[in-house]
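Q: Please take a close look at one part of this model, the core and the helices around it. I am new to this structure, so keep the steps short.

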Amino acid sequence: MSQLIFYILSAMTIASALVVVFSKHPMYSVLSLVVCFFTIAGHYILLNAQFLAITHIIVYAGAIMVLFLFVVMLLNLNRESEPHKSGKLKFAATISAGMLFLILIAAMKSTTLEPFSFPPPSTNGMIQHVGQRLFTDYLLPFEISSILFLSAMIGAVVLAKKEKH
Amino acid sequence: MGHAEQLVPLNWYIVLSTFLFCIGVMGVLFRRNAIIILMCIEIMLNSVNLLLVSFSAYSGNSDGQVFVFFIMVVAAAEVAVGLALMMSIYRNIGSTDIDVLNKLKW
């Protein structure tokens with residue numbers, strides 16, 4: 001059963017990621033990236049990481065993709081204004097990415113993984129456990145990330161502000 | 001429910017996230033629109049997240065999930081700044097085509 005769910009989710013993830021790359025219209029790319037993020041959240045639930053699944057949906061599908069959608073609409077990008085690389089460069093890009101995939105898979109085959117064959121049924125992904133780790137062992141990085149957010153926010157506002165002429 | 005999800009081997013997750021990462025790399029090389037390139041970078045970050053979560057689940061250690069949380073934080077900050085840069089580039093040049101942005105090219 002969970003293998004079947006894994007297959008379906010993986011097929012949807014890969015298909016939507018490919019649509020992101022190959023779609024001619026930027027809006028379709030953004031929408032299929034939303035689908036991709038939702039299926040990755042499904043993978044997290046399958047892996048017993050419920051807290052991360054919810055956070056993933058809120059942060060990626062909720063915040064980041066809305067930002068992307070707004071920028072695509074603000075800049076009025078459409079099929080006509082979409083620039084394309086030449087066929088030769090596209091071919092080279094596909095070949096080099098495929099070779100990277102082959103190399104990574106070959107490297108995976110030649111390593112011996114620790115035999116943690118199947119996950120122990122655990123509550124590791126629950127919000128209680130992750131929250132406890134986050135506020136005890138990882139308290140300092142957690143607080144520093146808030147400063148990172150603040151500076152990113154200020155930077156974004158300063159960068160996107162209209163310059164006075 | 002606990003027993004049903006003990007059937008997917010870890011290797012499949014490794015192959016899946018490798019494939020997603022390569023799709024992201026291909027998108028970065030394939031497209032000329034800078035916004036789509038940012039989206040492909042998001043796909044790459046997500047493939048790494050998926051790998052971290054699967055290793056964390058299969059080893060019964062929640063450190064990986066905390067790392068994924070921090071990666072999400074950094075990704076959100078990166079997208080905010082990156083899209084602000086795109087806006088100001090578009091305002092100055094009138095395009096998000098990366099082949100037009102060649103002033104720093106040697």
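A: In this predicted model, the largest nonpolar core has 69 residues. B:Ile35, B:Met39 and B:Val53 touch the most other members of that core. Both chains take part. From chain A, helix 1, helix 2 (26–46), helix 3 and helix 6 (139–160) each supply at least two residues. From chain B, helix 1, helix 2 and helix 3 do so too. Helix 2 of chain B gives the most to this core, with 15 residues.

Start with B:Met39. Leaving aside neighbours within four places in sequence, B:Met39 is in contact with A:Val20, A:Ser29, A:Leu33 and A:Phe68. B:Met39 also belongs to the contact of helix 2 of chain B with helix 1 of chain A. In that contact, A:Ala17, A:Val20 and A:Val21 meet B:Met39, B:Cys40 and B:Ile43. Its residues divide into six nonpolar, no polar and no charged.

Now the geometry of that pair. The axes of helix 1 (residues 2–22) of chain A and helix 2 of chain B come within 10 Å. They cross at roughly 155°. An angle over 145° counts as roughly antiparallel, so helix 1 of chain A is roughly antiparallel to helix 2 of chain B. The crossing is left-handed.

Helix 2 of chain B has a partner within chain B as well. Helix 1 of chain B and helix 2 of chain B pack at an angle of about 165°. Their axes are 8 Å apart. These two helices are therefore roughly antiparallel to each other. Their crossing is left-handed. On the helix 1 side, the residues that meet helix 2 include B:Leu10, B:Tyr13, B:Ile14, B:Ser17 and B:Leu20. On the helix 2 side, the residues include B:Ile36, B:Ile37, B:Cys40, B:Ile41 and B:Ile43. B:Tyr58 of helix 2 is also among them. By class, this contact has 17 nonpolar, six polar and no charged residues. B:Cys40 and B:Ile43 thus appear in the contact with helix 1 of chain B and in the contact with helix 1 of chain A.

Next, step back to the whole meeting of the two chains. In total, 61 residues of chain B are in contact with 70 residues of chain A. On the chain B side, helix 1 (10–30), helix 2 (34–59) and helix 3 each supply at least two residues. Helix 3 of chain B gives the most to that side, with 19 residues. The residues of the side of chain B that touches chain A divide into 42 nonpolar, 13 polar and six charged.

One contact of helix 3 of chain B is with helix 5 of chain A. The axes of helix 5 (residues 127–136) of chain A and helix 3 (residues 63–93) of chain B come within 10 Å. They cross at roughly 70°. These two helices are therefore roughly perpendicular to each other. A:Val130, A:Arg133 and A:Leu134 meet B:Gln65, B:Val66 and B:Phe69 there. This contact has four nonpolar, one polar and one charged residues.

Two residues of chain A complete the tour. A:Ala53 lies in helix 3 (residues 50–74) of chain A. A:Ala53 has 21 other C-beta atoms within 10 Å, so A:Ala53 is buried. Not counting residues up to four places away in sequence, A:Ala53 touches A:Ala41, A:Tyr44 and A:Ile45. A:Ala53 and A:Ala41 are twelve residues apart in sequence. From C-alpha to C-alpha, they are 4.7 Å apart in space.

A:Asn48 sits in the loop between helix 2 and helix 3 of chain A. With 23 other C-beta atoms within 10 Å, A:Asn48 is buried. A:Asn48 and A:Met126 are 78 residues apart in sequence. In space they are 7.9 Å apart, C-alpha to C-alpha. The backbone of A:Asn48 also deserves a look: phi is near 70°, a positive value in a residue other than glycine.

How values were computed
Residues are numbered from 1 along each chain as its sequence is written. Chains are lettered from A and ligands numbered from 1 in the order in which they are written. This is a predicted model: local features need pLDDT of at least 70, side-chain atom pairs count only at pLDDT 80 or more; totals for chains, interfaces and linings use all residues. Axes are lines fitted to C-alpha atoms, for helices over the stretch in contact, and angles run from 0 to 180 degrees between N-to-C directions. Helices (H or I, at least four residues) and strands (E, at least two) are DSSP runs, numbered from the N terminus. Angles under 35 degrees count as roughly parallel, over 145 as roughly antiparallel, 65 to 115 as roughly perpendicular and the rest as oblique. Two residues are in contact if their C-beta atoms, placed from the backbone, lie within 7 Å. Ala, Val, Leu, Ile, Met, Phe, Trp, Tyr, Cys and Pro count as nonpolar, Asp, Glu, Lys and Arg as charged, and the others, Gly among them, as polar. A crossing is left-handed if the near helix is turned anticlockwise from the far one by less than a right angle, and right-handed if clockwise. A residue is buried if 20 or more other C-beta atoms lie within 10 Å of its own, exposed if 12 or fewer, and partly exposed in between; C-beta atoms are placed from the backbone. A nonpolar core is a set of buried Ala, Val, Leu, Ile, Met, Phe, Trp, Tyr and Cys residues joined through C-beta atoms within 7 Å.
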